[in-house]
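Student: Got a few minutes to walk me through this one? I'd like to poke at a few spots and see what turns up.

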Amino acid sequence: MIPYGRQDISQEDIDAVVSALKSDWLTQGPAVPEFEGALAAYCGVEHAIAVNSATSALHIACMALGLEAGDWLWTSPITFVASANAALYCGASVDFVDIDPVSYNLSVSALAQKLARAEKNGRLPKVLVPVHFAGQPCAMREIRQLADQYGFRIIEDASHAVGASYLDGKVGNCEYSDISVFSFHPVKIITSGEGGMAVTRSAELADAMRSLRSHGITRDHQQMVRQPEGPWYYEQVGLGYNYRITDIQAALGRSQLQRIDGFIARRHEIADAYDRELATLPLILPVRHKDSYSALHLYPVQLRDDTGKTRQQLFDGLRARGIGVNVHYIPVHTQPYYEAMGFKQGDFPEAERYYSRAVSLPMYSSLTPDDFATVVAALRSVLS
Ligand SMILES: *Cc1c(COP(=O)(O)O)cnc(C)c1O
């Protein structure tokens with residue numbers, strides 16, 4: 001089976017993990033700050049907090065911004081459930097902004113209209129989570145202007161977009177947001193097995209997230225309530241979690257980061273080849289925007305309505321030919337857990353239309369030319 005995504009592990013990656021295993025530290029050692037420092041430098045941002053997943057990073061980012069019961073977080077319905085669940089962990093409520101049918105990111109005009117209505121009802125969001133879907137950055141400049149106008153905070157869910165650029169800067173430089181979050185799950189651009197990172201320009205938010213990552217415990221005298229009783233002394237000054245990443249994982253992430261630009265360049269070659277080879281098939285191909293450089297986590301195609309075939313037939317036909325296609329994503333508001341909160345089919349029609357026609361084709365840096373040819377041949381055969 002040719003999967004839709006997979007990791008790309010080199011001998012250097014394996015050596016880095018082995019040397020972490022042979023070191024004095026399996027966790028809470030030097031590999032974690034090394035990974036944080038390297039990714040912060042790569043993104044051009046001051047602070048980075050590595051954690052055990054992007055889900056954890058989203059949670060502590062929401063907490064650091066003070067999201068709590070009575071508050072609203074808005075995000076896109078076309079995302080992994082974690083982008084929305086972060087608000088629920090904090091006791092806050094979730095709402096969605098429908099997608100733009102060209103970029104598949106949340107629509108800035110839908111956002112502007114929803115904000116104008118929310119201002120009248122007194123239900124403005126405290127936090128917006130724009131998701132850089134498939135690795136393509138959202139229209140962050142326009143979103144920032146709306147944040148300034150309406151006073152909400154921004155967490156970029158950049159789980160798909162480590163290594164992407166927007167205008168003149170790297171995603172993660174937080175020029176337009178408070179915090180950005182990355183995922184290092186094996187299907188993402190670089191991997192640490194499991195892992196995530198929150199990055200920010202704010203020292204205050206970084207301190208808050210570092211504390212939340214590890215039980216709300218501090219060893220920093222400045223942050224203590226009492227005089228330290230001795231070198232063993234620490235204080236719990238808040239309620240945090242154990243969201244730490246291990247040195248083994250951080251060593252892998254740090255090693256992978258050295259090859260990130262090559263990984264993404266290869267993804268662009270594959271996307272160029274798909275654009276060329278699939279142009280005459282009855283598919284809507286993803287659009288790459290001129291104002292950004294996508295990390296191309298996914299290559300989602302939509303089956304055109306006039307084909308006489310269903311998405312199910314396309315999906316099953318590809319799977320039957322050994323192509324491990326997938327669908328990203330089931331709109332979050334149609335999940336049973338969210339429907340129980342009052343959301344229903346029809347609430348976000350662009351997201352639902354996109355979902356009904358979408359299939360993610362294999363897209364990863366180690367996809368071989370032979371496997372690529374197999375995917376294209378399978379598509380031609382299913383759609384002929
Ligand atoms: C993968 C993903 C997450 C969660 O990442 P984990 O590291 O698996 O917790 C969150 N948001 C989006 C958009 C994702 O794709």
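Tutor: Sure. One cut-off before we start: buried means under 20% relative accessible area, exposed means over 50%, and partly exposed is in between. At 29% relative accessibility, L167 therefore counts as partly exposed. Keep in mind that this is a predicted model.

Student: Where does L167 sit, then?

Tutor: L167 is in the loop between strand 7 and strand 8. L167 also has a positive phi of about 50°, although it is not a glycine.

Student: Why bring up the sign of phi?

Tutor: Because most residues other than glycine have a negative phi.

Student: OK. Which other non-glycine residue has a positive phi?

Tutor: Y104 has one, at about 70°. Y104 is in the loop between strand 4 (93-96) and helix 5 (108-121).

Student: Is Y104 buried or exposed?

Tutor: Y104 is buried, because its relative accessible area is 4%.

Student: Back to strand 7. Which sheet is it in?

Tutor: An open sheet of three strands, in the order 8-7-14, with antiparallel pairing. Strand 8 (169-170) and strand 14 (292-293) are the edge strands, and each pairs on one side only.

Student: How many bridges link strand 7 and strand 14?

Tutor: Two, with strand 7 covering residues 165-166. Y166 stands opposite S292 in strand 14.

Student: Switching topic: the ligand. Which residues are closest to it?

Tutor: 15 residues surround the ligand, and the closest are T55, D157, H160, S183 and K188.

Student: What about polar contacts?

Tutor: Here are some. An oxygen atom of the ligand is 2.7 Å from an N or O atom in the H160 side chain. For the side chain of K188, an N or O atom is 3.0 Å from an oxygen atom of the ligand. A ligand nitrogen atom is 3.4 Å from an N or O atom in the side chain of S159.

Student: How much of the ligand does the protein bury?

Tutor: Taken alone, the ligand exposes 380 Å², and the protein buries 93% of that. The space taken by the ligand is the second largest pocket.

Student: Which helices supply at least two residues of the shell around it?

Tutor: Helix 3 (54-64) and helix 4 (82-89) each do.

Student: Tell me about helix 3. How many of its residues are buried?

Tutor: Nine of its eleven, so to speak of it as mostly covered is fair, because that is how the count comes out.

Student: Which ones, for example?

Tutor: Among them are A54, S56, L58, H59 and C62.

Student: And what happens at its ends?

Tutor: At the start of helix 3, a side-chain oxygen of S53 reaches to within 3.3 Å of the backbone nitrogen of T55. Just after helix 3, G66 takes a positive phi of about 80°.

Student: I also spotted D178. Where is that one?

Tutor: D178 is in the loop between strand 8 and strand 9 (179-183). D178 is buried, because its relative accessible area is 14%. A polar atom of the D178 side chain lies 2.8 Å from the backbone nitrogen of I154.

Student: What other open sheet of three strands is there?

Tutor: One with the order 13-15-17, again with antiparallel pairing. Strand 13 (283-284) and strand 17 stand at the edges with a single partner strand each, so one side of each has no neighbour in the sheet.

Student: How many bridges join strand 15 to strand 17?

Tutor: Four, with strand 15 covering residues 299-303. Y299 has L361 as its bridge partner, and P300 has S360.

Student: Are the residues of strand 17 buried or exposed?

Tutor: Buried on both faces: A358 and S360 on one side, V359 and L361 on the other. That split fits the general pattern, because side chains in a regular strand alternate between the two faces of the sheet.

Student: And S356, where is that?

Tutor: In helix 12 (residues 349-357). S356 is partly exposed, because its relative accessible area is 40%. The S356 side chain reaches the backbone oxygen of R353 at 2.8 Å.

Student: Last one: where is there a cis peptide bond?

Tutor: Between H328 and Y329, with omega about -5°. Y329 is in the loop between strand 16 (323-324) and helix 11 (336-339).

Definitions and conventions: Residues are numbered from 1 along each chain as its sequence is written. Side-chain values use heavy atoms; hydrogens and water are left out. Buried means under 20% relative accessible area, exposed over 50%, partly exposed in between (1.4 Å probe, protein chains only). Two strands pair if DSSP finds at least two bridges between them. A residue is near a molecule or strand if one of its heavy atoms lies within 4 Å of it. A polar contact is a pair of N or O atoms within 3.5 Å; within protein, one must be able to donate a hydrogen and the other to accept it, and residues adjacent in sequence count only if both atoms are side-chain atoms. Accessible areas come from the Shrake-Rupley method with a 1.4 Å probe; for residues, only the protein chains shown count as cover. On a 1 Å grid over the protein atoms alone, a cavity is a set of points where a 1.4 Å probe fits but cannot get out, and a pocket is an open set with protein on both sides within 12 Å along at least five of seven lines; lining residues have an atom within 4 Å of a point. A molecule sits in a cavity or pocket if more than half of its atoms lie within 2 Å of its grid points.
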